[in-house]
Amino acid sequence: MTRHDDRFDIVTLVVRAREGDIDAFEALVDRYEMTLLRFCLRTLGDRQDAEDVVQDTLVQAWKSMNTLAEPAAFGTWIYRLASNKCTDLLRRRMARPSDAQDPDDMSIHADGRASVEKSVEARTALQHFSDVLQTLSSEQRVTWVLHQMEGLSYAEVAMTLGISEGSVRGRIHRARTAIMEGMEKWT
């Protein structure tokens, strides 16, 4: 299936979902749920919060399918819904900070062949990186995660967040600078 066919398939599913076809919406959920979860988990650093945001995003998407102007833009639209919910949650967290982060959710488990020492070192580095990521502003973190971890282009991030490409570049630059400075303290 080519990328063009995939887009056509999404348009068909969105149109059918707008008409109340639950199976079509479930197909859209199947296609986007895990990517949204990965994005939210990387942005929020907490599995339960990420799962809640994805659930809320999917419910909102179902309820507001008719507000989507262009069915082909479903992917960008649903990322925007999720990123707005992540940003709102991050702002609420800043108002009342907590240590709700679960480093197990952010790590890639080492295989059995890795030495314990290397595994601990990698886990410590990942934890420090996660801590540094949490110090970024919510806007910088969402933008950086979409670009660096989810692989979206500057234009796709700009479209997803409803900002200019210049703003995306600026946020990513500031995020990279803060991450590099934060990681220097670790070494």
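## Exercises: salt bridges, a charged patch and two threonines

Glu 26 lies in helix H2, which covers residues 22–44. Keep in mind that this is a predicted model.

**Exercise 1.** Work out whether Glu 26 is buried or exposed, or in between, and find which residues share its patch of negative charge.

*Solution.* Start with the cut-offs: buried is under 20% relative accessible area and exposed is over 50%. Glu 26 has 43%, so it counts as partly exposed. Now look around it on the surface: Asp 23, Glu 26, Asp 30 and Glu 33 gather there in a patch of negative charge.

**Exercise 2.** Find the salt-bridge partner of Arg 31 and say which helices the pair links.

*Solution.* First, the idea: side chains of opposite charge can pair when their charged atoms come close. Arg 31 pairs up with Asp 9, and their closest N and O atoms are 2.9 Å apart. Next, place the two residues: Arg 31 sits in helix H2 and Asp 9 in helix H1 (residues 3–18), so the pair, 22 residues apart, links distant parts of the chain. Finally, check exposure: Arg 31 is partly exposed at 32%, and Asp 9 is partly exposed at 25%.

**Exercise 3.** Set the salt bridge of Arg 91 and Glu 139 beside that of Glu 165 and Arg 169.

*Solution.* Take Arg 91 and Glu 139 to begin with: their side chains meet at 2.3 Å, N to O. Arg 91 is in helix H4 and Glu 139 in helix H7 (residues 138–149), so this bridge ties together parts 48 residues apart in sequence. Then turn to Glu 165 and Arg 169, whose side chains meet at 3.8 Å, N to O. Both of these lie in helix H9 (residues 165–186), 4 residues apart, or about one turn of the helix. The structure holds 7 salt bridges, and Arg 38, Arg 42 and Glu 150 are linked in a network of them.

**Exercise 4.** Decide for Thr 57 and for Thr 76: buried or partly exposed? Then list their contacts beyond four places in sequence.

*Solution.* Thr 57, in helix H3 (residues 47–63), has a relative accessible area of 0%, so it's buried. Leaving out neighbours within four places, Thr 57 touches Leu 36, Ile 78, Leu 81, Ala 82 and Lys 85. Thr 76 belongs to helix H4 (residues 74–95), and at 22% it's partly exposed. With the same neighbours left out, Thr 76 is in contact with Met 159 and Thr 160. Thr 76 and Met 159 are 83 residues apart in sequence, yet 7.0 Å apart in space, C-alpha to C-alpha.

Methods:
Residues numbered from 1 in each chain as written. Predicted model: local features only at pLDDT ≥ 70, side-chain atom pairs only at ≥ 80, totals over all residues. Heavy atoms only, no water. Buried < 20%, exposed > 50% of the residue type's maximum accessible area, 1.4 Å probe, protein only. Contact = heavy atoms within 4.5 Å. Patch = residues over 30% accessible without salt bridge, like charges linked within 9 Å, V, L, I, M, F, W, Y side chains within 5 Å. Areas by Shrake-Rupley, 256 points an atom, 1.4 Å probe, with all protein chains shown as cover. Salt bridge = Lys/Arg side-chain N within 4 Å of Asp/Glu carboxyl O. Lys, Arg positive; Asp, Glu negative; His and termini not counted. Charge placed at Lys NZ, Arg CZ, Asp CG, Glu CD.
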